[in-house]
Amino acid sequence: MKPHPSQISSQTRLRTGRRTNPLPSFFAAGLLLAIFPGVVQPQTASPLPPGQPTPPPSSPAQSATPAAAPAKDPKPAKQPSGSDRRRAVKLFLAASKLFEKEKFEEAMRDFQQAAALDPSNANYPLAADLARSHAVTAMIQAAAKDRLLGDAVAARDALARALELDPRNIQATEHLHELGDDALLGLSRPLYEQGAETAGDAPELAHSAEVHSFHLHTDQRQAIQQVFKAYGLDATVDDGVLSTQIRLDMDDAGFAQAMRIVGLMTNSFYVPLDAHRVLVARDTSENRQRFIRQELETIYLYGLNSTEMDEVANLAKNVFQMLQATVDHSAGTITVRAPESSLNAFNATMRELLDGRNQVLLEVRLIQIAHTSERNTGVQPPQSISAFNVYAEEQSILNGNQALVQQIISSGLAAPGDTLTILGILLASGQVSSSLFSNGIATFGGGKTLSAVAPGSASANLNLNSSDSRELDQIQLRLGDGEVGTLTLGERYPIQTSSFSSLSPSVPNIPGLTGAGASGSLTSLLSSLSSSVPNVPQVEYQDLGMTLKATPKVMRNNDVALTLDLKIDALAGSSINGNPILNNRAYSGVVTLRQGEGVVVISDLDKQESRAISGVPGISEIPGLNNLTGKDTQKSFATLVVVITPHVIRGTQAAGHSPMMRVDKGTTAR
């Protein structure tokens, strides 16, 4: 059964913790405004002729409007004196300290006194209104807590005080209406008593209210009749009651106490026949079924499914010993037949089971952290060295660019035989490029045997790329005691599981096309129709992402036992026969927490690291020199943190066990 929305709101407000109060800056600004007018006004006031009263300060809105006709006999506003202003400032500071200590009513009174002493400061009444609002909110929360604890008087007093402070507060009025509804529900009678008057009430004994003393030494049958006779009742004793001798000594006993003692000593029970007569029989299960009045009742099991209704029927038969308990699943009712005492006990138990179901609020926080880092540092030496003949390379370049060589010589930039100068001009101008001369050369030898060595390209790297991403999701699940809640985050991915195709396509019988006389063009059309086979795929959608199932169970000490089932599915990046491979991670377990405490379900989901070294073999492995070698390091990790915090927003069962009573049949009352 779901709780009333008003109960949800009141219980949710009880969970509100201590709020961060931004009022110190407000109070500091108010203090400056309280002191500032008294200091500035005497300096900014313009001199007036003697005897002329000081005009009151005008607001910007008044200065912007056209001048109205002057009123007759205007009375100037009374300005507070300096002592009143200083006293108002002291009250304001004292009220601010009281507000920080959450003494809202006392702070409100000091704010109101400060506003009365210095009406020119508009911050004082605003602070008083704010303190009043906090005081009313605190009283409403206290009333809601008292209502949950069953203290209706304290809740009513708190709401009455809240309405005294703020008569127009709608929340306080609604909570008073809820208290009135609770009072009406408390006055309502059980289901059995409501329908008992329609079929006639059970007879009530009109026994004497006086106390009597008994000192009997006789048989059981005579003792029973004498005790009932003392209280003004006639007892008819069944033959099953034994005639053995007993000794009964009892002083100053009322009717209920005397009947209890007599029943224990004689192993009997009584059944009212009318207001003045009873039937006494031996206490056996057969006699109770035979003599005790059985009454019929139909109970509506609203909000229960078929399995739960069957469990209620088993409860009635096995626990309350009801011989008849019939469940009507279509109407949602159970019809039971039992004595009145059993019906009352069964109704009370069902009321607690249906109306007293615990409610748990699960606060789920998902924190996703992804970090990617790439670091490329060090020096990458030349990976290759080229050796060549300088003369042959020069002649190759000059012979391939004769037109440019003639232009250089004709312009007078170089002599006809100066090949090195001509080659330098060609390379510097960019008209000719050579990989051998781009990185520098080292020459050795002479003449036509002059040779050179050209190293490969070298590079120095100093690069860092890093990226961080954080995502926070906060979800609240409101579940009943023992109710399963499922939270799914991700996407649904289509996967083809099978396909259906017709192996013998049907082609319509077209004269001249499928039969004799088909031409060449019609034959090609026939073959295209015959080769087209329809293909129907079968697709199944797989949930990718996180699936969390949580089942809370409230214990007797208000701890919460959580049954957790966590599953994470993702694509592996490869496939078999066109079907993708899924990675699966799962966790299941039970954890017991206090309300308000959180549990971390999973963290450190994935981590990858790779490192590449570029250098000269052998040298890059020498300690000290390997730090100068080029290194390309890539790191990435993804972390998913799931924090689950349970809050019991409706706890109906009290901690501990109810007291039990034991009756010893071997003692004699005196």
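Biologist: Which residues are buried in α4?
Modeller: The model is predicted, and a residue counts as buried under 20% relative accessible area. By that cut-off, the buried residues of α4 are Arg-85, Ala-88, Val-89, Leu-91, Phe-92, Ala-95, Ser-96, Leu-98 and Phe-99.

Biologist: How far apart are the end C-alpha atoms of helix α4, and what should the helix span?
Modeller: Helix α4 covers residues 82-100, which is 19 residues. At 1.5 Å a residue the expected span is 27 Å. This agrees with the distance between its end C-alpha atoms, 28 Å.

Biologist: Which residue follows α4 with a positive phi?
Modeller: The phi in question is near 65 degrees. The residue that has it after α4 is Glu-102.

Biologist: Are α4 and α6 roughly parallel or roughly perpendicular?
Modeller: Helix α6 takes in residues 123-148, and its axis comes within 12 Å of that of α4. The two axes cross at roughly 25 degrees. Angles under 35 degrees count as roughly parallel, so α4 and α6 are roughly parallel.

Biologist: What is the handedness of the crossing of α4 and α6, and which residues of α6 make the contact?
Modeller: The crossing is left-handed. On the α4 side the contact is made by Ala-88, Val-89, Phe-92 and Phe-99, and these four are also among the buried residues of α4. On the α6 side the contact residues are Tyr-124, Ala-127, Leu-130, Ala-131 and His-134.

Biologist: Is Leu-117 buried or exposed?
Modeller: Leu-117 lies in helix α5, residues 104-117. Its relative accessibility is 19%, and the cut-off is under 20%, so Leu-117 counts as buried.

Biologist: Which residues does Leu-117 touch, leaving out those up to four places away in sequence?
Modeller: One of them is Leu-91, which is 26 residues from Leu-117 in sequence and 9.8 Å from it in space, C-alpha to C-alpha. The full list is Pro-80, Asp-84, Arg-87, Ala-88 and Leu-91.

Biologist: What is the strand order of the open sheet of three strands?
Modeller: Strand β2 (residues 234-237) pairs with strand β5 (residues 277-282) in the parallel sense over four bridges. Strand β4 (residues 268-272) runs antiparallel to β5, with five bridges. The pairing is therefore mixed, and β2 and β4 stand at the edges, each with a single partner strand. The order is β2-β5-β4.

Biologist: Which residue of β5 is the bridge partner of Pro-272?
Modeller: A hairpin of four residues joins β4 to β5. Within β4, Phe-269 stands opposite Ala-281 of β5. From β2, Ala-235 stands opposite Val-278. The partner of Pro-272 in β5 is also Val-278.

Biologist: Which helix lies across β2, β4 and β5?
Modeller: The helix comprises residues 220-230. It runs at about 160 degrees to β2. The helix is α10.

Biologist: At what angle do the axes of α16 and α17 cross, and which residues of α17 make the contact?
Modeller: The axes of α16 (residues 402-410) and α17 (residues 419-429) come within 11 Å and cross at roughly 110 degrees, so the two helices are roughly perpendicular. The crossing is right-handed. From α16, the contact is made by Leu-404, Val-405, Ile-408 and Ile-409. From α17, the contact residues are Ile-422, Ile-425 and Leu-426.

Definitions and conventions: Residues are numbered from 1 along each chain as its sequence is written. This is a predicted model: local features need pLDDT of at least 70, side-chain atom pairs count only at pLDDT 80 or more; totals for chains, interfaces and linings use all residues. Side-chain values use heavy atoms; hydrogens and water are left out. The expected span of a helix is 1.5 Å times one less than its number of residues. Buried means under 20% relative accessible area, exposed over 50%, partly exposed in between (1.4 Å probe, protein chains only). Two strands pair if DSSP finds at least two bridges between them. Axes are lines fitted to C-alpha atoms, for helices over the stretch in contact, and angles run from 0 to 180 degrees between N-to-C directions. Angles under 35 degrees count as roughly parallel, over 145 as roughly antiparallel, 65 to 115 as roughly perpendicular and the rest as oblique. A crossing is left-handed if the near helix is turned anticlockwise from the far one by less than a right angle, and right-handed if clockwise. Contact means heavy atoms within 4.5 Å.
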